[in-house]
Amino acid sequence: MSEQQIAAQVGAVAAEVGPVAPMPEDDVPEGTSAAGSGTPAAGADGFVGRSPGQLAWRRLRRDRVALVSGGVLIFFILLAVAAPLVARLYGKGPQERFPERLDRNGFPLGYAGVSGEHWFGIQPGIGRDIFIQVVYGLRTSLMIAFTAAVLTIALGVVIGILAGYVGGWVDAVFTWVIDLALAFPFYIFCFAFVPLAVNQFYGPRDEVSPWFRPALLVLIFVLFNWTISARLVRGQVLSLREREFVEAARASGAGLGHILFRQLLPNLWAPILVTFSLNVPALITAEAALSFLGIGVLEPTPDLGRLINDSVRYIRDVPSFTIVGGTTLFLLVLAFNLFGDSLRDALDPKSGR
Amino acid sequence: MLRFVVKKVLLALSTLLAVSVITFGMFFAVPNNPAELMCGDSKNVCSPERIEMIERRMGLDKPIPVQYGDFMRGIFVGRTIGSGETARDCPAPCLGFSFRNDEPVAGIVGRTLPVTLSIVFGAAVVWLLLGISIGMVSALRRGTAFDRLAVGTSLVGASMPILLFGPLLLIGLVYETGILGYPRYTPLTENPVAWASAMLLPWFALGFLNSAIYARLARAQMLETLSEDFVRTARAKGLAKITVYGRHALRAAITPIITIAGLDLGAYLGGTVITETVFGFTGLGKTALNAALNLDMPIVMATVLLAAVFVIAANVLVDVLYAVVDPRVRLG
């Protein structure tokens, strides 16, 4: 799946979410509409009124897969956020080298250089500590993926809501633009775009600013991915706009902005949340792939994809290096996907239980 | 029906045109001078005269819209690139010459496309057969150990990046055990056995990972179909299980899978660059990557266009096929 256009994957999953049951706010007892917290108000005949958010939260809490994958996610995110702290406690920085731990050919001493000092061993040739590289790599991957996912969703939601509600030629243009965006081969376009952009802003011998490539990646991801969430939102809005509450708002003279963001948007948060949670792992995979290919994040910025790229050169002699980097990436993506699946089940009112 | 097809094709052509204009514009709107790139990074070699000579030779001295027109015409009828004594003939389908080594781009594509085709079609056979059969058995034996194992494996497989799976296969099957040799591409026409044995690793890597997604899909589709009335009717009138499940149910369940397979194929034909890189093949994707790193724009341009053609053609085909297969699709 990693090579598939991320589009296809997220799109397929998101499509399964289907139309979410409408959540007219007047159904919910006063004060319980907030997701999660608050004791549900007990009705007179023993029924307990719960908001959809509360129902979802209860389902999620009872789902063992969600708990485990959520725990793993929190662990990874904490590790990434606290990377400088981890580096201080661990006593080694991401750029620090330990040439004394390598033999004359640049191979680490002992088994892959693993020791109490260096938990995951030493990078052959360059002599950096692998554990701290992985920690900082997580930071880069997560930062790029989260930023891109947030921007993607924001852009997609605004355009999707607008196209779905306004319809007409706006919608026709929008559909065509989506087809266009889907026709661009993602990876090859990145190959073409990134070196050109770098070349455009920097001369061949200039120092490229360390944030430039990550920012470029975020830009490309947003450019390619907004169509997925936009299409999803558009589909939902197409059915929602015919409903009474929208008509009521229109009849009482609400402006376009009010209808779009105050009336329609609150009914869309479930599919948006699911799309977001499944978009992040797809973006992590794509980012790692690009950095693996030498198009994304480059030396000296620590990154999981780049680390795997460094490691495959030594795959014959130090296979553990490749396995460590790849497994971290795999666990991260797996935890996100499992959690996203659980979230989808929890938010789906049809999934009973 | 004809109207529907024509409309789809026209729409696809307009998309393709837009892709070509955007790609062309992107490469030539940037102020980097391709002629400067072409004479290389080596300092001081690029005298203004030499740059001018290269520009004339590549036809880069003309206005950009004219260059675009020439480029597009060259694809269909061929053209002559450059003028005067440096003019070169470039027969259709002309995609220009590489900035770096002057090789005709059409030749490069012709050499690398078969590699990608071999990988993708072989892998597609693996993932369709494996995915659909596992998904189907899983749905029929719902809740059994097999089902749980299949669901678990496909969950894990769908998250496995080929960045890890490919190297793991290499470590497990090539470097540590020597069961397989490191793959070396041999054209199918030259030696079919060597071709297939080189392709085993990429077929398995790509096919297995994708089959995880297809197994999940096939299982869900099959479960839905099995609960439909026509399946019960078929069973009730006494048809054998194998006929009901293998023919009636499978045919209904498989349609959406074929749709997605078509789109996936289109996307992959544009290049399976990671698979190619991991296993050391020079296919379309790898060629595009190398060309892009060298800023060799004619090659990149050609690969972007070719990949877009694959994606768009797959889209049209799937749309039309869907309309043919499923009478509920409204044409319009």
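## Helix packing and burial, question by question

Tutor: Let's start with a pair of helices: helix 5 of chain A and helix 10 of chain A are roughly perpendicular to each other. Keep in mind that this is a predicted model.

Student: Why are helix 5 of chain A and helix 10 of chain A called roughly perpendicular?

Tutor: Helix 10 spans residues 256–264, and the two helices pack at an angle of about 115 degrees. The class of roughly perpendicular runs from 65 to 115 degrees. The value of about 115 degrees therefore fits that class. The axes are 11 Å apart, and the crossing is right-handed.

Student: Which residues of helix 5 of chain A and helix 10 of chain A meet?

Tutor: From helix 5 of chain A come Ile161(A), Leu162(A) and Tyr165(A), which meet Ile259(A), Leu260(A) and Leu264(A) of helix 10 of chain A. Six nonpolar residues make this contact, with no polar and no charged ones.

Student: What makes helix 5 of chain A oblique to helix 6 of chain A?

Tutor: Helix 5 (residues 130–166) and helix 6 (residues 168–183) of chain A pack at about 135 degrees, and their axes lie 7 Å apart. Roughly perpendicular ends at 115 degrees and roughly antiparallel needs over 145, so an angle of about 135 degrees is in neither class and counts as oblique. That is how helix 5 of chain A comes to be called oblique to helix 6 of chain A. Their crossing is left-handed.

Student: Which residues make the contact of helix 5 of chain A with helix 6 of chain A?

Tutor: Helix 5 of chain A brings Ile159(A), Leu162(A), Ala163(A) and Val166(A), while helix 6 of chain A brings Gly168(A), Val170(A), Asp171(A) and Phe174(A). Sorted by class, that contact has six nonpolar, one polar and one charged residues.

Student: How do you know that helix 7 of chain A and helix 12 of chain B are roughly parallel?

Tutor: Helix 7 (residues 186–201) of chain A packs against helix 12 of chain B at an angle of about 10 degrees, with the axes 8 Å apart. Angles under 35 degrees count as roughly parallel, so this pair qualifies.

Student: Which residues make the contact of helix 7 of chain A and helix 12 of chain B?

Tutor: On the chain A side they are Tyr187(A), Ile188(A), Phe191(A), Ala192(A) and Pro195(A); on the chain B side, Gly285(B), Ala288(B), Leu289(B), Ala292(B) and Leu293(B). Nine are nonpolar and one is polar, with no charged residue.

Student: Which residues does Phe191(A) touch?

Tutor: Leaving aside residues up to four places away in sequence, Phe191(A) touches Ile295(A), Ala288(B), Leu289(B), Ala292(B) and Val300(B). Phe191(A) is also, with Cys190(A) and Val300(B), among the residues that touch the most other members of the largest nonpolar core, which has 178 residues. Helix 5 of chain A gives the most to this core, with 18 residues.

Student: What makes helix 12 of chain B mostly covered?

Tutor: Eight of the ten residues in helix 12 of chain B are buried, including Leu284(B), Lys286(B), Thr287(B) and Ala291(B). Helix 12 of chain B is followed by Leu295(B), whose phi is positive, near 55 degrees.

Student: Why is Leu200(B) called partly exposed?

Tutor: Leu200(B) has 15 C-beta neighbours inside 10 Å. Buried takes 20 or more and exposed takes 12 or fewer, so a count of 15 falls in between. Leu200(B) sits in helix 8 of chain B. Its C-alpha atom is separated by 8.8 Å from that of Gly122(B), 78 residues apart along the chain.

Student: How many residues does the contact take from chain B and from chain A?

Tutor: There are 47 residues from chain B and 44 residues from chain A. In chain B, the helices that each supply at least two residues include helix 1 (2–29), helix 8 (192–226) and helix 12 (284–293). By class, the chain B side has 34 nonpolar, eleven polar and two charged residues.

Student: How many helices and strands does each chain have?

Tutor: Chain A has 13 helices and zero strands, and chain B has 13 helices and two strands. Buried residues account for 48% of the 353 residues in chain A and for 40% of the 332 residues in chain B.

Conventions:
Residues numbered from 1 in each chain as written. Chains lettered and ligands numbered in written order. Predicted model: local features only at pLDDT ≥ 70, side-chain atom pairs only at ≥ 80, totals over all residues. Contact = placed C-beta atoms within 7 Å. Helix = DSSP H or I, 4+ residues; strand = E, 2+ residues; numbered from the N terminus. Nonpolar A, V, L, I, M, F, W, Y, C, P; charged D, E, K, R; others polar. Axes fitted to C-alpha atoms, helices over the stretch in contact; angles between N-to-C directions. Left-handed = near helix turned anticlockwise from the far one by under 90°. Core = buried A, V, L, I, M, F, W, Y, C linked by C-beta atoms within 7 Å.
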